[in-house]
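Dear colleague,

Please find the structure below, handed over for your records. My notes on its internal cavities and its cysteines follow.

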Amino acid sequence: MTLKLKAFAWTAAVLFLAACSQGPSFVTVKDGQFIRNGKPYTYIGTNFWYGPILASEGRGGDMSRLQEELDALKSMGVENLRVLVGAQGESGVFSRVEPTLETAPGVYNDTLLVGLDRFLAELGKRDMQAVLFLNNSWEWSGGYGQYMEWATGEKALIPLIDGYWPFMQQMRKFQTSPESQELFYNHIRAIVGRTNSVTGKPYRDDPAIFSWQIGNEPRCFSDDPQVRDGFIGWLTESARLIKELDPNHMVSTGNEGLMGCEGDPELVERVCAIPGVDYMTIHIWPYNWGWVKAESLREDLDTAMENTLKYIDMHQELSQKYGLPVVAEEFGFPRDGFSSSMDTPTTVRDSYYALVFSQVGSTLQGVNFWGWSGFAVPVHEQWETGDPYTGDPAQEAQGLNGVYITDTTVDIITNAINNLQ
């Protein structure tokens, strides 16, 4: 049966299955292992940051595409999706995803909030789950920079215009800005304490949520002890607040590991030791981190693989000290020749993905590849308003790291999931 036909079959069966079962259960951690339905649990998932936008009835909404994407993922065995709750700030800002959810402090686009509700309802029908991240250290969804702009009036820099180094210098200020952090805590209260308008179920009671995540790649961007203390402080308060509002779901930080902690193992340990954090997250980006070069992806693959295994092993060893499962919740690799064209093969990426997938069940408890582009057909290399959403956010070349339904990577993913069972 082709993937398309399998997805269609899921569409026909999903409501019946939902009616006849209790659906997914809450995932917990015991002795460093995910537990679901009383049994050890591992998974291969994806990043699907734009899911709630597709589920909305407003600008960017496309429920038929969302259902097609979810059915295709389900048919592959991909049931864990890492998702952006929503962006902060104005729409129309270069390299920011849109439409945005929180348009001013505490002011929400109700259409997108209902989109989030609808998205979770669709996951529940399919026995799928979402990791929901609430903040972002990078510019593409507002995050740090937008909360600081609202709190202090200082205009947030845009890396593709102002440069990444000035941007990171500015973002370190978030760690010591109580006013900016309080705006984020209010966001936590609004989202985690929400009741789904579609199902009538409080979010805290919804098994379609795998975990709450404080942010996407939260970094302190500094070696200053005061800044680092502030970084640990707001992560700690965020975890405490989420657990207070929702004791049923797990919490993770969204940190990249060593690369997200200025290369300091001691800071990684401090992140692991935060009360209420249930598992360790790591991200792995061979090109971004200089392990491979654009002009020699194939030649540099062995180096990337060696460094990847070392990175995973180092974090797995550290996680055992704190009894935490390890999830590589972001990893990506460019298309052959560093091309963004969806017609370009993904042979080098496929080999890299296969290596990371092989670690699930041993050094890793789960993975989420970056990211799912599915049935999208990009219009521009740099995303523009009205273009279809792909796994590559607005600041990235559309197609470079995303996985389309037509990519051979889909077979690599499906085979790896089948080998888990």
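A disulfide is counted here when a pair of cysteine sulfur atoms lies within 2.5 Å. The model is a predicted one, and by that criterion it holds 0 disulfides. The sulfur of Cys220 has its closest cysteine sulfur in Cys261, at 6.9 Å, which is too far for a bond. Seen from the other side, the cysteine sulfur closest to that of Cys261 belongs to Cys220, so the distance is again 6.9 Å and too far for a bond. Cys220 is buried, at 0% relative accessibility, and Cys261 is likewise buried, with a relative accessible area of 0%.

Turning to internal space, the structure has 2 cavities of 30 Å³ or more.

The largest cavity has a volume of about 70 Å³. Its lining includes Trp49, Pro52, Ile53, Leu84 and Val85, together with Gly86, Ala87, Pro99, Thr100, Leu101 and Leu112. By class, this lining comprises 9 nonpolar and 2 polar residues, with no charged ones.

The second largest cavity encloses about 60 Å³. Among the residues that line this cavity are Thr253, Asn255, Gly257, Val268, Val271 and Cys272; Val277, Tyr279, Met280 and Thr281 also belong to the lining. Two or more of these residues come from each of helix H10 (265-272) and strand S11 (280-284). Helix H10 contributes the most, with 3 residues. The lining of the second largest cavity divides into 6 nonpolar and 4 polar residues, and no charged residue takes part.

Yours sincerely

How values were computed:
Residues are numbered from 1 along each chain as its sequence is written. This is a predicted model: local features need pLDDT of at least 70, side-chain atom pairs count only at pLDDT 80 or more; totals for chains, interfaces and linings use all residues. Side-chain values use heavy atoms; hydrogens and water are left out. On a 1 Å grid over the protein atoms alone, a cavity is a set of points where a 1.4 Å probe fits but cannot get out, and a pocket is an open set with protein on both sides within 12 Å along at least five of seven lines; lining residues have an atom within 4 Å of a point. Grid points are joined across faces, edges and corners, and a volume is the space filled by probe spheres set on the points. Ala, Val, Leu, Ile, Met, Phe, Trp, Tyr, Cys and Pro count as nonpolar, Asp, Glu, Lys and Arg as charged, and the others, Gly among them, as polar. Helices (H or I, at least four residues) and strands (E, at least two) are DSSP runs, numbered from the N terminus. Buried means under 20% relative accessible area, exposed over 50%, partly exposed in between (1.4 Å probe, protein chains only).
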